[in-house]
Amino acid sequence: MKKTVNDFLLLENKQLNKDNFQLLLQSPLPISDIYPGQFINVEIKEASEIFLRRPFSILDVDYQEQTISLLVKILGRGSKKLTEAHAGQTINAIFPLGKSFTLPDKSDRILLIGGGSGVAPMLFLAKICGLDPANVSVLIGARSASDHIDVSSYRNYGQFYFATEDGSLGEKGYVTNHPVFSDQLDKFNKIYTCGPDLMMKAIGKTALEKDIFCEVSLENMMACGFGVCLCCVEDTKTGHKCVCTDGPVFNVNDLKW
Amino acid sequence: MVNLEIKIHELAFKNPVLTASGTCGFGEEIADFIDLSLLGGLVVKGTTLKHREGNAYPRMAETPSGMLNAVGLQNKGVDNFIRNIYPNIKDLDTHIIVNVNGSTIDEYVELTERINELDKVPAIELNISCPNVKEGGMAFGISCPSAEAVVRAVRKVYDKTLIVKLSPNVTNIADIAKAVESQGADSVSLINTLLGMAVNAETKKPVLSTITGGLSGPAIKPIALRMVWQVYNAVKIPVIGMGGIMNATDAIEFMIAGASAVQVGTAIFIDPTIPLHIIDGIKSYMERHKIQSVNEIIGSLQC
Ligand SMILES: Cc1cc2nc3c(=O)[nH]c(=O)nc-3n(C[C@H](O)[C@H](O)[C@H](O)COP(=O)(O)OP(=O)(O)OC[C@H]3O[C@@H](n4cnc5c(N)ncnc54)[C@H](O)[C@@H]3O)c2cc1C
Ligand SMILES: Cc1cc2nc3c(=O)[nH]c(=O)nc-3n(C[C@H](O)[C@H](O)[C@H](O)COP(=O)(O)O)c2cc1C
Ligand code: FES
């Protein structure tokens, strides 16, 4: 679908835990063909120090209702302001942006690894990939149990594993310490990941060593989000690429990791 | 019906609103959002003879009412422009202007000669004001003799409309404007970005990979307006104004201060439809003030 600048109607803003909110936005125009990894660039209104829009991944889409969901984690002033928005408010946004993950083939066994707000595109991918749930594993990392969002509505799409730095939920440690990753990686032929840079780099390096297909979704700082400012570039093996238009999803083989 | 047509040298523009170099790509990137043919003109991304990778990431820092960038003229070079981009945009019903960059006078001249071969590029904007490159760029634009030397050399090989883009990082911009006018520039455009810097207090590190970068957006508007007014009073050639224009009122203020046309830059990052809103806003301002031709606004400042 064409990219547009539009006023979305905020239908719901639900607090999931201390720092995470789920926003449900209704588009004034029909929505079509939205895939995991794509994002929306949201205007933050009435915030004096904020000039640029803020990008957020698509968590879910309902074509019938013309709605999209976002998972917003409070990081700084902009994300905080956005989580204070009320249902009924309009939110101006540029949508849809970026390229999606490569959807898996029927015979694939995939591991999806999300950290922090990076779980959004992973949950979306689990939901729409169309694979037998036995062949979909989702590994989610967070600092502590209270930082994890409830994923019970996604349980039918795959097997879920958790890691927390303090051991309060699932395995203690980082996602890369979890046995699904550290011992059983051979079970998978594709890895998809989104989350903090260090996490994605550790995953990407292992995938390269073991020669497993691996796509990562980068979160470089953006000014425009649609390819005109050239601020968001990632240094790839074929030169500087715009994360907003060539990505945000990249195959680790193309990165200089 | 109000008349929005303006002229820069002998080149007529259907309206005075252009998009600024480095902020609208090559037009194609914003074609989803707006009908490009409604623009007065489109100044494409800074072009160089050879492919340039630009500076390392991070290249951007958000600042109060603006941003710093340190892109450093990333572009695929003039051959790529002529082969892969020009064919797609040449038939647009708006003026395509190429922003010409070099690290030596010879490079400026050679690049200008290449662009001169393109029938559908009626003007170049000679960028002697990029703050984000080590060689050339702004170095040419901050002294009268070097600015004169580049313009003189380029003028010899270029008969179409020659716009020279000035740097605000100088003590007296009117002197530079007069210098380039004396060497045959048909117009000056200003301002390019102001040299600035951002520091991360937590890490004690600069935010940008290049430490310093170029400041743009509403934060620079008062400076840009002042400079447009100073230059307008110093030269006879038309002035193209830019710096922090976000809406029609901003654009009209620049025209009142002396700009014959304006360029919209950073505002496009916030909303790529802004240039069209500005055109509409200028129209309704003219209707409201019973102004028939937009030319009546230019330099109408009453002191
Ligand atoms: C393609 C893409 C998809 C994203 N998807 C989501 C999502 O689904 N959910 C979500 O909660 N967040 C997502 N983000 C991150 C989100 O955009 C940032 O958290 C947000 O812009 C921060 O704005 P702020 O005003 O709250 O923070 P600021 O006040 O601007 O910054 C606070 C601190 O965070 C750092 N920071 C800000 N933005 C980024 C960034 N993009 N990368 C690294 N550090 C940053 C700043 O340097 C600063 O130190 C995504 C980012 C991108 C590029
Ligand atoms: C990200 C970015 C890239 C730019 N690239 C160029 C360029 O290639 N050539 C040029 O002459 N000016 C370039 N500029 C400067 C703009 O064209 C303009 O002069 C400046 O940003 C001030 O206007 P504004 O405040 O409306 O953006 C760039 C500005 C930005 C923000
Ligand atoms: S954010 Fe502007 S080009 Fe990617």
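## Terms and model

On a 1 Å grid over the protein atoms alone, a pocket is an open set of points with protein on both sides within 12 Å along at least five of seven lines, whereas a cavity is a set of points where a 1.4 Å probe fits but cannot get out. The model is predicted, and local features need pLDDT of at least 70. Residues are numbered from 1 along each chain as its sequence is written, and ligands are numbered from 1 in the order in which they are written.

## The second largest pocket

The volume of the second largest pocket, taken as the space filled by probe spheres set on the points, is about 640 Å³. Its lining (residues with an atom within 4 Å of a point) comprises 29 residues, and those nearest the centre include A:Leu230 and B:Phe26.

The lining residues divide into 7 nonpolar, 13 polar and 9 charged. Asp, Glu, Lys and Arg count as charged, Ala, Val, Leu, Ile, Met, Phe, Trp, Tyr, Cys and Pro as nonpolar, and the others, Gly among them, as polar.

## Ligand 2

Ligand 2 lies between chains A and B. Around ligand 2 are 23 residues, each with a heavy atom within 4 Å of it. By class, this shell holds 7 nonpolar, 14 polar and 2 charged residues.

Polar contacts are pairs of N or O atoms within 3.5 Å. An N or O atom in the side chain of B:Thr266 is 2.6 Å from an oxygen atom of ligand 2. A backbone N or O atom of B:Ser21 lies 2.8 Å from an oxygen atom of the ligand, and one of B:Gly265 lies 3.2 Å from an oxygen atom of ligand 2.

How values were computed
This is a predicted model: local features need pLDDT of at least 70, side-chain atom pairs count only at pLDDT 80 or more; totals for chains, interfaces and linings use all residues. Side-chain values use heavy atoms; hydrogens and water are left out. A polar contact is a pair of N or O atoms within 3.5 Å; within protein, one must be able to donate a hydrogen and the other to accept it, and residues adjacent in sequence count only if both atoms are side-chain atoms.
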